[in-house]
Amino acid sequence: MHPLLRLLDSPADDVVQSAAFCVSNLVQDNAIFREFIDSGGLKRIVASLKRKPALGEEALKEVLWSLTCVISSKSCDAKDVQKISAVDCLVPLFSKYSSSMQVLSPIIRCLGNLWGFPDNSPQAMDTSVTTLHESLLALLQRSPNEHNAVECLWTLSNMAANPVVSRQLLDGGLLQQIVCLFDSTPAVAVEVSCYSIWQPVFSEIIRRKVPILYKPYCY
């Protein structure tokens with residue numbers, strides 16, 4: 001695994017892209033996944049997202065999907081992601097590539113999975129939560145198709161599992177903003193009815209002023 005990880009540091013985008021693709025497939029094996037983690041693989045992936053000069057979109061997209069595959073693996077737990085600062089680099093990337101759905105899709109999936117660890121919800125500062133909340137809603141309003149709506153709302157729902165963040169989202173007017181999307185975005189209604197997320201979280205906040213926790217999930 002070590003030689004493969006070193007390829008993630010290559011100055012050639014095509015080499016990084018191929019290495020990330022290999023990682024995505026290899027980590028499906030539990031034994032290889034553990035070797036990947038113990039070898040510092042997650043840190044290598046996050047470091048490649050921060051490299052200067054930045055990766056081209058094709059290589060970046062592959063690295064992001066690789067990160068998603070690792071984080072969403074059944075073998076991955078909170079301890080594996082505690083030592084990385086993935087949220088800190090993903091939120092700025094969200095803003096930078098706001099017009100590229102090919103890059104945004106794995107970013108949103110990564111963020112949703114990171115927030116999906118009940119024992120390791122990212123300890124984001126208020127600014128990061130606000131920025132991500134606003135970016136996700138802006139994407140919903142700008143590109144209201146079913147896939148985008150499901151991905152964005154799924155990420156917001158995992159964020160809302162954190163009691164502190166759920167209060168921030170409520171105070172930020174998220175509930176009203178979601179309701180305003182019903183007429184223009186049918187997928188919003190699909191997401192709410194299928195996952196039954198917003199009613200238990202926000203109704204409990206409104207009724208008792210105490211956030212209710214549900215079990216987030218990764219996929």
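1. A salt bridge is taken here as a side-chain nitrogen of Lys or Arg within 4 Å of a carboxyl oxygen of Asp or Glu, and by that criterion the structure, which is a predicted model, holds three salt bridges. Side chains of opposite charge can pair when their charged atoms come close. The three pairs are taken up one by one below, after some remarks on the overall fold.

2. As to secondary structure, the protein contains 14 helices and zero strands, and reading along the sequence therefore gives an unbroken run of the form α-α-α-α-α-α-α-α-α-α-α-α-α-α. Of the 219 residues, 49% count as buried, while the area that the protein exposes comes to about 10,500 Å², with carbon and sulfur atoms supplying 55% of it. When contacts between residues at least 6 apart in sequence are considered, 72% of them join residues at least 24 apart.

3. Helix α8, which covers residues 101-115, deserves a paragraph of its own. This helix has 15 residues and reaches 21 Å from its first C-alpha to its last, close to the 21 Å expected at 1.5 Å a residue. The helix is mostly covered, in that 13 of its 15 residues are buried, and α8 also gives the most to the largest nonpolar core, as the next point sets out.

4. The largest nonpolar core has 59 residues, of which Phe36, Leu49, Val70, Leu90, Phe94, Ile107 and Met159 touch the most other members; the contribution of α8 to this core is eight residues. In soluble globular proteins, nonpolar side chains tend to be buried together. For Met159, the partners, not counting residues up to four places away in sequence, are Trp115, Val129, Leu132, Leu136, Val165, Ser166 and Leu169.

5. Which residue forms a salt bridge with Arg109? The partner is Glu151, and the closest N and O atoms of the two are 2.8 Å apart. This pair links distant parts of the chain, with Arg109 in helix α8 and Glu151 in helix α10, 42 residues apart; helix α10 itself runs over residues 146-159. Both ends of the bridge are covered, since Arg109 has 15% relative accessibility and counts as buried, and Glu151 is buried with a relative accessible area of 6%, where the cut-off for buried is under 20%. The side chains of Glu151 and Arg109 are also listed as making a polar contact, at 2.8 Å.

6. The side chains of Asp9 and Arg44 meet in a second salt bridge, with an N to O distance of 3.1 Å. Asp9 lies in the loop between α1 (2-7) and α2 (13-26), whereas Arg44 lies in helix α4 (residues 41-49), so the pair ties together parts that are 35 residues apart in sequence. Asp9 counts as partly exposed at 45% relative accessibility, and Arg44 is likewise partly exposed, with a relative accessible area of 28%.

7. The remaining pair is Glu58 with Lys61, whose closest N and O atoms are 3.3 Å apart. Because Glu58 and Lys61 are three residues apart in helix α5 (residues 57-71), they are separated by about one helical turn. Are the two ends of this bridge buried or exposed? Glu58, at 40% relative accessibility, counts as partly exposed, whereas Lys61 is buried, with a relative accessible area of 17%.

8. Ser10 is found in the loop between α1 and α2, and this residue is buried, with a relative accessible area of 13%. A polar atom of the Ser10 side chain lies 3.1 Å from the backbone nitrogen of Ala12. Leaving aside neighbours within four places in sequence, Ser10 is in contact with Val15, Val16 and Arg51.

9. A last loop position to note is Gly172, which sits between α11 (163-171) and α12 (174-180) and is partly exposed, with a relative accessible area of 40%. Gly172 and Thr130 are 42 residues apart in sequence, yet their C-alpha atoms are 7.9 Å apart in space. With neighbours within four places in sequence left aside, the contacts of Gly172 are with His133 and Gln177.

Methods:
Residues are numbered from 1 along each chain as its sequence is written. This is a predicted model: local features need pLDDT of at least 70, side-chain atom pairs count only at pLDDT 80 or more; totals for chains, interfaces and linings use all residues. Side-chain values use heavy atoms; hydrogens and water are left out. Helices (H or I, at least four residues) and strands (E, at least two) are DSSP runs, numbered from the N terminus. The expected span of a helix is 1.5 Å times one less than its number of residues. Buried means under 20% relative accessible area, exposed over 50%, partly exposed in between (1.4 Å probe, protein chains only). Contact means heavy atoms within 4.5 Å. Accessible areas come from the Shrake-Rupley method with a 1.4 Å probe; for residues, only the protein chains shown count as cover. A polar contact is a pair of N or O atoms within 3.5 Å; within protein, one must be able to donate a hydrogen and the other to accept it, and residues adjacent in sequence count only if both atoms are side-chain atoms. A nonpolar core is a set of buried Ala, Val, Leu, Ile, Met, Phe, Trp, Tyr and Cys residues joined through side-chain atoms within 4.5 Å.
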